[in-house]
Amino acid sequence: MNLNQVTVPTLHIPKSVAFYQDLGLKLIVRSDHYARFLCPDGNTTFSIHLTDQLPSGQGISVYFECTDLEGKP
């Protein structure tokens, strides 16, 4: 199995785009309500979509593995 894409909600596209780019993800699609990134390793993509309200409770958990967080991937 190959993970293709994970999408999570955001309240602010520009701030979220900057955050995920700082983590090393490459921005490949961007609009006012959506952004999609290519992960540094493999072909998996990660995207965000604009929403008026974030999920409550446990919400969404997505884990990225990075061997050198300070050096960034």
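Let's begin with one residue, F64. Setting aside residues within four places of F64 in sequence, its contacts are Y20, L25, C39 and F46. This phenylalanine sits in the segment after β4. Bear in mind as you look at F64 that the model is predicted. The C-alpha atoms of F64 and L23 are 9.3 Å apart, although 41 residues separate the two along the sequence. Is F64 buried, partly exposed or exposed? With a relative accessible area of 40%, F64 counts as partly exposed, because that value falls between the 20% limit for buried and the 50% limit for exposed.

F64 also has partners at the surface. Together with I60 and V62, F64 makes a nonpolar surface patch of about 240 Å². V62, like F64, is in the segment after β4. The relative accessibility of V62 is 32%, so V62 is partly exposed as well.

Now step back and look at the whole chain. How many helices and strands does the protein chain have? There is 1 helix, and there are 4 strands. Starting from the N terminus, their order is β-α-β-β-β. The chain has 73 residues, and 23% of them count as buried. Its accessible surface is about 5600 Å², with 50% of that belonging to carbon and sulfur atoms. Contacts also link parts of the chain that are far apart in sequence: of those between residues at least 6 apart, 49% join residues at least 24 apart.

Next, let's go inside. Nonpolar side chains in soluble globular proteins tend to be buried together. Which residues make up the largest nonpolar core here? This core has 10 residues: V8, I13, V17, Y20, L25, A35, F37, C39, F46 and I48. At least two core residues come from each of α1 (13–22), β3 (34–38) and β4. Helix α1 gives the largest share, with 3 residues. You have already met some of these core residues, since Y20, L25, C39 and F46 are the contacts of F64.

One core member worth a closer look is I13, which belongs to helix α1. Its relative accessible area is 4%, and because buried means under 20%, I13 counts as buried. What does I13 touch beyond its neighbours within four places in sequence? The answer is R30, S31, D32, H33, Y34, I48, H49 and L50. Of these contacts, H49 is 36 residues away from I13 along the chain, yet their C-alpha atoms are separated by 7.5 Å.

Strand β4 offers another buried residue, T45. Its relative accessibility is 6%, which means that T45 falls under the 20% limit for buried. The side chain of T45 makes a polar contact of 2.8 Å with the side chain of R36. Leaving out sequence neighbours within four places, T45 is in contact with N4, Q5, V6, I28, R36, F37 and L38. Among them is F37, one of the residues of the nonpolar core.

Finally, follow the chain past the end of β4 (45–50) to T51, which lies in the segment after that strand. A polar atom of the T51 side chain is 3.2 Å from the backbone oxygen of Q53. Beyond its neighbours within four places in sequence, T51 is in contact with P9, T10 and L11.

Note on methods. Residues are numbered from 1 along each chain as its sequence is written. This is a predicted model: local features need pLDDT of at least 70, side-chain atom pairs count only at pLDDT 80 or more; totals for chains, interfaces and linings use all residues. Side-chain values use heavy atoms; hydrogens and water are left out. A polar contact is a pair of N or O atoms within 3.5 Å; within protein, one must be able to donate a hydrogen and the other to accept it, and residues adjacent in sequence count only if both atoms are side-chain atoms. Contact means heavy atoms within 4.5 Å. A nonpolar core is a set of buried Ala, Val, Leu, Ile, Met, Phe, Trp, Tyr and Cys residues joined through side-chain atoms within 4.5 Å. Buried means under 20% relative accessible area, exposed over 50%, partly exposed in between (1.4 Å probe, protein chains only). Patches are made of residues with over 30% relative accessible area and no salt bridge: like charges are joined within 9 Å, nonpolar side chains (Val, Leu, Ile, Met, Phe, Trp, Tyr) within 5 Å. Accessible areas come from the Shrake-Rupley method with a 1.4 Å probe; for residues, only the protein chains shown count as cover. A salt bridge is a side-chain nitrogen of Lys or Arg within 4 Å of a carboxyl oxygen of Asp or Glu.
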